[in-house]
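Welcome! Here is a friendly walk through one model, told in questions and answers. Take a look at it before reading on.

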Amino acid sequence: MHNDHTKLLGGDPIIPKVCEGLGEPGLVSVLIPSYNRGYLIGKTIESVLAQTYRPIEIIVVDDGSTDDTRAVIAKFGPAIRYIYQENAGLAVARNTGLVVARGEFIAFQDSDDMWLPWKLQVQVALMGCLSRASPTVIQQNNSGFSGPLI
């Protein structure tokens with residue numbers, strides 16, 4: 001007998017409006033939550049702007065920073081969508097970014113990480129190949145890759 005885990009709480013799952021639809025085809029929305037990372041956020045953004053894959057949108061959610069984060073981000077002009085919120089924590093900052101993201105794909109970038117220039121290009125290509133077979137999560141961090149190597 002097949003167990004339907006979607007009914008564990010007694011009803012159909014509630015899917016927020018933000019999750020409806022496929023997003024803009026091909027667009028990768030890069031979400032960068034940040035708190036007091038003015039000293040580093042510029043390098044993080046530069047690593048996203050250096051991506052070989054296009055189209056991308058970059059959304060920085062400033063989670064109540066009291067340093068120069070806003071000024072550093074302002075130097076990038078309209079290339080960055082900047083959202084300020086009162087400090088509410090990493091999860092809330094990520095969710096704030098999800099609400100405004102327009103992309104078919106979502107990439108979470110920590111404010112202290114730098115990406116290799118081909119990261120998004122490879123991930124989008126792999127998702128296109130593998131998504132037909134099974135759900136796929138591919139992650140790269142500063143210490144290398146995690147998960148199985150394909």
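Q: Does L120 count as buried or exposed?
A: This is a predicted model, and everything below describes that prediction. L120 lies in helix α4. Residues under 20% relative accessible area are called buried. L120 has a relative accessibility of 2%, so the word for it is buried.

Q: With which residues is L120 in contact, leaving aside its neighbours within four places in sequence?
A: One partner is Q51, which sits 69 residues from L120 along the chain. The C-alpha atoms of these two are nevertheless separated by 6.8 Å. With the sequence neighbours set aside, the list for L120 reads V28, V30, Q51, Y53, I56, A107 and W115.

Q: Which residues have the most contacts inside the largest nonpolar core?
A: That core has 18 residues. Two or more of its residues come from each of β1 (24-34), α1 (41-49), β2 (56-63), α2 (69-74), β4 (103-108) and α4 (119-130). The residues with the most contacts inside the core are V28, V30, I32 and L120.

Q: How many residues does the other core have, the one that lies apart and includes I59 and V61?
A: Besides I59 and V61, this core includes I83 and A93. Those names are part of the list, and the core has 5 residues.

Q: How many helices and strands are there in the protein?
A: Start at the N terminus and follow the elements: they run β-α-β-α-β-α-β-α-β-β. Each β stands for a strand and each α for a helix. The tally is 4 helices and 6 strands.

Q: In what order do the strands of the open sheet stand?
A: The open sheet has 4 strands, and their pairing is parallel. β3 (80-85) and β4 each have a single partner strand, so they stand at the edges with one side left without a neighbour in the sheet. Neighbouring strands are turned by 25 degrees against each other on average, direction ignored. Read across the sheet, the order is β3-β2-β1-β4.

Q: Over how many bridges do β1 and β2 pair?
A: Two positions help you find this pairing: S34 stands opposite D62 in β2, and I32 has V60 as its bridge partner in β2. The two strands pair in the parallel sense, over 7 bridges.

Q: Which residue of β4 does V28 stand opposite?
A: β1 also pairs with β4, again in the parallel sense, over 5 bridges. In this pairing, the residue of β4 opposite V28 is F105.

Q: How many of the 11 residues of β1 are buried?
A: For comparison, take the protein as a whole: of its 150 residues, 33% count as buried. β1 is largely enclosed by the rest of the structure, because the number of its buried residues is 9 of 11.

Q: Which strands does helix α3 touch?
A: Helix α3 covers residues 90-100 and packs on the sheet. Its direction makes about 145 degrees with that of β2. The strands it touches are β1, β2, β3 and β4.

Q: Which elements are included in what covers the buried residues of α1?
A: The buried residues of α1 are I41, G42, T44, I45, S47 and V48. What covers them includes β1, β2, α2 and β3.

Q: What share of the contacts with a separation of 6 or more comes from residues 24 or more positions apart?
A: A contact here means heavy atoms within 4.5 Å. Among contacts in the protein with a separation of 6 or more, residues 24 or more positions apart account for 71%.

Q: Is the peptide bond from R54 to P55 cis or trans?
A: P55 is found in the loop between α1 and β2. The omega of the bond from R54 to P55 is near 10 degrees, and the bond is cis.

Q: What is the phi of N36, a residue that is not a glycine?
A: N36 is found in the loop between β1 and α1. With a relative accessible area of 22%, N36 is partly exposed. Its phi is positive although it is not a glycine, at about 55 degrees.

Q: Over the ring of which residue does the charged end of K119 sit?
A: The structure holds 0 aromatic pairs. A ring does take part in another arrangement, with the charged end of K119 placed 4.4 Å from its centre. That ring belongs to W115.

How values were computed. Residues numbered from 1 in each chain as written. Predicted model: local features only at pLDDT ≥ 70, side-chain atom pairs only at ≥ 80, totals over all residues. Heavy atoms only, no water. Phe/Tyr/Trp six-rings, centres within 6.5 Å; stacked < 30°, edge-to-face > 60°. Lys NZ or Arg CZ within 6 Å of the ring centre and 35° of its normal. Core = buried A, V, L, I, M, F, W, Y, C linked by side-chain atoms within 4.5 Å. Buried < 20%, exposed > 50% of the residue type's maximum accessible area, 1.4 Å probe, protein only. Pairing = 2+ DSSP bridges. Axes fitted to C-alpha atoms, helices over the stretch in contact; angles between N-to-C directions.
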